[in-house]
Amino acid sequence: MGDRAVKSNTESLYKWIFRSFLKTALVPFLIIELGFIIIYFSTSMWSRQETINYLHGEVENEMNQLVLEKSSSLQVQLDSVSITADFLKLQFKKALEDEVKVNRSYLDRMAMTSNGMYYSMHDTVDGGPAVYYSGISPIGDAEKSKVLKLLGVGSVMKDIIKVQSLASQVYINTYDSLNVIYPYFDVISQYPAKMDIPKYNFYYEADLSHNPEKKVVWTDAYLDPAGQGWMTSAITPLYSDDSFLEGVVGIDVTVNTFTQQILNMDIPYNGYAMLIGKTGTILALPDNGESDWALEELNTHHYAEAILEDTFKPENFNLYNRVEMEGLSEKIAVEADGNGEIILQNAKRYVSWSTIESTGWKLVMIVPVDSVFAHLENINNQLFNIGLFMILGLIVFFIVFFIILSRRAVKVSNLISTPLVSINQMVDKIRNSEYFQTPPEFPVKELQETANKLAYMGEALGIANNRLINTQGELKKNEAELSAVLNSIDDMIMEIDSEGNLINLWNKTDNELSLVYAQSSLVNIQSKLRKQGKVFKDLIDEILISGLNETIEYFISTEKGIKWYLARISAVDGESRKLVISARDVTLQKELEFSLIESKEAAELANRSKSQFLSNMSHELRTPLNAILGFSQLLLMESTESMDESQVENITEITNAGQHLLKLINEVLDLAKIESGKMTISLEPVSVVEVMKEAITMVRPLAELQNIRLVYALSDRQESFVIADHTRLKQVLINLLTNAIKYNKVEGKVEFNYRSNDNHVIIDVIDDGMGIPFDQQDLVFNPFHRLNMDNNFNVEGTGIGLSVAKQMTELMNGRIYLSSEMNKGSHFSVELPQATVVAQDDNIVLANKTNLMKYDSYRVMYVEDNIANLKLVKRIFENMDNVDLVETQQGELATSLALETKPDIILLDLNLPGIDGFEVLKRIKANEELRHIPIAAVTAYAMNDDQQRIIKAGFDGYIIKPIDIQLFIDEVHRLLSMKYR
Ligand code: ADP
């Protein structure tokens, strides 16, 4: 069994349990968890993105708002500066147009340098403007009075500085390079001597070509020659009434002021604002913007020397030209406000700008994107961390779960596998024939039950095995016995199915038939039997239905010739539809039988030819013999007187010899007839007394001649009937009586009697003669056998009589037997079956008397040679008053009697002496007058074929002998009804 065990795809219980745990718990768990984590991360990412989008919009809005707000607030401030500048211009204009209003002493603090520069040497006590008059043009009184006029505005200038917080300096520059400026500073140390002021931006940017509208304009950031560092100015041209540009009035605002302004702006997200000039120059850049742009704001300037021309911020301060701004600078330059994004220092920034209309400046707000989303990122990071933590937690959980699971699997597998191992061991033990096992105790109920059942099974197996061993022993013994038996018999035993297919075969090994089956590949007996197969199959079917045993003889042609088998076939009990055949080789017997049949047939043929020959001979002899006998009798009757005694004696001798010869011929003829099967007998009830009387009549003359006494007592005896042929029985009895007389002693006697025994009647012929020796008692019944005794030769005889008598008796279903004692006599007995019909007929006849009563009167003609039958029929009709029976024993007389008596129906015995019944029928039917009469055959031929022959011959019905009275009456009735139909 071990060899058959399936080895592949098996695994340990532990692995299996663990794997199922994994499959059913861990893996789905893991998958679900992973799913959740994925969902968690993707939703957080999604929400982050959504928030970013949302925040982006929000921030843009917020920045737009803010930048607009801030720029407009700047606008307001700048506007106020512009207004102030206009106001100051008007003051200066008025002063220039008016007379000098101030005291000449104002010029006291003025001095003229050698190179023609006219300047203020020091400030006034209460603070006043500084004056510089460039030495490029000569300064005369007119110029000095212009200085005085302009100084008249000094107090206004002072006030402006007081109220205008943005303003750091206020001044006027004239076309001839006079600069009056407040607050005071030491101009000689600051300005060069021959400064051409209209060449500076804070002058020409306001001239007609730059500022045709003559309004206040704001300069770009420039380095202040007055030593205030970087600044921007609101400048406005001062035209005289005849539109001569007298000078430019300006209010300076230091860049630093804007820077401070911007710094003070509260920009969210760590952002900052920048102020950009019209051409893109960064006017103000707060500290936190410097690193972004890698710039340092030019807040201060070291005036090591005088500023000889206008000085602007360097090129890299121009925002529009910065590479970082590519793509956005045009937009900023063109659009009044808007948003954008740039990368600064590798970080993304949101940019919002707004235009200060009066100056054309832009307030640009920069916010690092990072800081916008810093909080969001922070939250995201936290969420991510939570996610990571979850994963970590899961991993830890799974590791713990895995360990617990693994331990659990070990435990469970141990729980199961330990008992299983025990069960396996039990199985192994049982397999090794240790059938009786005690099951160990297990904690698992099912396994315990399995073990218990295994133990029961083992026990049952053990018991069964013991039985098997016993049975096997017995079987072996039986087998040995069976094979001994089989070897001892020549029969071959086969088992077949209902189709004739061989299932099993038991026999002696050298059995001829088995060799035939073994040599042949055919295992179907039916096909092996060829033509006999059909019969065989039918027999099988019959046996299967009836369940009875049958025997069949069949042959098979083998290499050694035809083999005959006698097979007894019987069905096997039960539903199996199998049969057992025991076939015996009967070839030898069969061959013997065939040779016997052959020789018998040959003998019979020879015998028949002999009989035929004898019959022919007898016939040929009888014809001349009849003539001899006839003529010798005529001679005796007619010529007795004319012949002498010896002649009469001779003729008598001829007659006797002829008679003897005729007897011989007749007997030979009978014998021949019997042996050739041509002897016909008609069995019918025969009255024993009647036939005995007839026999006595026949032999009496001989007995008297021999002086033998015949002893019989028949007249007072009750009638007995036998089934026999009347004539033949009489012949047999005459034969026996003749012998008894012939072979008797002088003055002996012959007893002639009959007796009943069971269903038989025995007729005895007993003489006092010489007897027959015991060894001859069988032989005397052989044809032509005569006893070889002294006096025997004197007795006339042929040796045929007894043999004819014996064969005739046997033809009549009877037998002859002999008992004899030498010199005491012989006792021949003829035993025949008794006919019982007559004894019981009276009542039946009477009972049926009425059957024919409804007809008036009838005449029935009966042609019958048998006395007993005649008597019986007479008795039947005697009881019927209206039936008149006419009868004859001779067929030849039938026609004339019928013509004479006109019977209603005719009953005609078939077996008549002379012409037979068929001939009589022919003659009656040939007669016009008689043709219509219904005729029934009365016959002992009871066979179906015979009945067919009778009806075919033209009979209207038939009555079977021995007569059954009821059937007889019925038939008569039917015939009568035919007549009267
Ligand atoms: P047959 O009488 O013509 O010789 P059977 O066949 O009748 O021929 O008899 C055969 C022989 O049997 C007789 O020849 C005779 O020897 C013997 N036999 C027959 N009947 C008797 C008898 N009643 N007593 C003695 N012998 C008999």
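Ala294 is exposed, with a relative accessible area of 65%; exposed here means over 50%, buried means under 20%, and partly exposed is in between, using a 1.4 Å probe and protein chains only. This is a predicted model, in which local features need pLDDT of at least 70, side-chain atom pairs count only at pLDDT 80 or more, and totals for chains, interfaces and linings use all residues. Residues are numbered from 1 along each chain as its sequence is written, and side-chain values use heavy atoms, with hydrogens and water left out.

**Backbone oddities**

Back to Ala294: you'll find it in the loop between helix H7 (287–293) and helix H8 (329–334). Helices (H or I, at least four residues) and strands (E, at least two) are DSSP runs, numbered from the N terminus. Most residues other than glycine have a negative phi, and most peptide bonds are trans. Ala294 has a positive phi, and some other residues listed here do too.

| Residue | Phi | Place |
|---|---|---|
| Ala294 | near 55 degrees | loop between H7 and H8 |
| Asn270 | near 60 degrees | loop between helix H6 (255–264) and strand S10 (272–276) |
| Lys902 | about 50 degrees | just after H22 |
| Gln345 | near 50 degrees | hairpin of S12 and S13 |
| Gly360 | near 80 degrees | hairpin of S13 and S14 |

Asn270 is exposed as well, with a relative accessible area of 61%. And where is the cis peptide bond with omega of about 0 degrees? It joins Tyr182 and Pro183, and Pro183 sits in the loop between S5 and helix H4 (187–190).

**Two hairpins sharing S13**

Strand S13 (residues 347–356) is mostly covered, with eight of its ten residues buried. On one side, eight bridges tie S13 to strand S12 (residues 337–344), and the two run antiparallel. Two strands count as paired if DSSP finds at least two bridges between them. Glu341 has Tyr350 of S13 as its bridge partner, and the S12 and S13 hairpin has two residues between the strands.

S13 also pairs with strand S14 (residues 361–368), again antiparallel and through eight bridges. Here Val351 stands opposite Ile366 in S14, and the hairpin has four residues between its strands.

**A five-stranded sheet**

Strands of a sheet pair through backbone hydrogen bonds, either parallel or antiparallel. Further along the chain, five strands make an open antiparallel sheet, in the order S16-S15-S19-S18-S17. Which strands are at the edges? They are strand S16 (502–506) and strand S17 (550–558), each pairing on one side only. Neighbouring strands of this sheet are turned by 25 degrees against each other on average, direction ignored. Such angles run from 0 to 180 degrees between N-to-C directions, with axes being lines fitted to C-alpha atoms, for helices over the stretch in contact.

S17 is joined to strand S18 (residues 561–571) by nine bridges, with the two running antiparallel. Ile552 stands opposite Ala567 in S18. Helix H14 (residues 533–546) lies across strand S15 (492–497), S17, S18 and strand S19 (578–585), and runs at about 150 degrees to S17. Contact means heavy atoms within 4.5 Å.

**Helices H22 and H23**

Helix H22 (residues 891–901) has Gly891, Ala894, Thr895, Leu897, Ala898 and Thr901 as its buried residues. Their cover includes strand S27 (858–863), strand S28 (883–888), strand S29 (905–909) and H23.

In helix H23 (residues 917–926), the buried residues include Gly917, Phe918, Val920, Leu921 and Ile924. They cover an arc of only 160 degrees around the axis, which puts them on the same side of H23; the arc is that of the directions from the helix axis to the C-beta atoms. On the other side of H23, Lys922 and Ala926 are exposed.

**One cavity**

How many cavities of 30 Å³ or more does a search of the whole structure find? It finds one. On a 1 Å grid over the protein atoms alone, a cavity is a set of points where a 1.4 Å probe fits but cannot get out, and lining residues have an atom within 4 Å of a point. The largest cavity has a volume of about 90 Å³, a volume being the space filled by probe spheres set on the points, which are joined across faces, edges and corners.

Of its 14 lining residues, the closest to the centre are Asn173, Asn179, Tyr191, Phe202 and Asp224. Strand S4 (169–174), strand S5 (178–182) and strand S7 (222–224) each give two or more residues to the lining. The largest share, three residues, comes from S4.

Technical notes:
1 Å grid on protein atoms, 1.4 Å probe; cavity = no way out; pocket = protein on both sides within 12 Å on 5 of 7 lines; lining within 4 Å.
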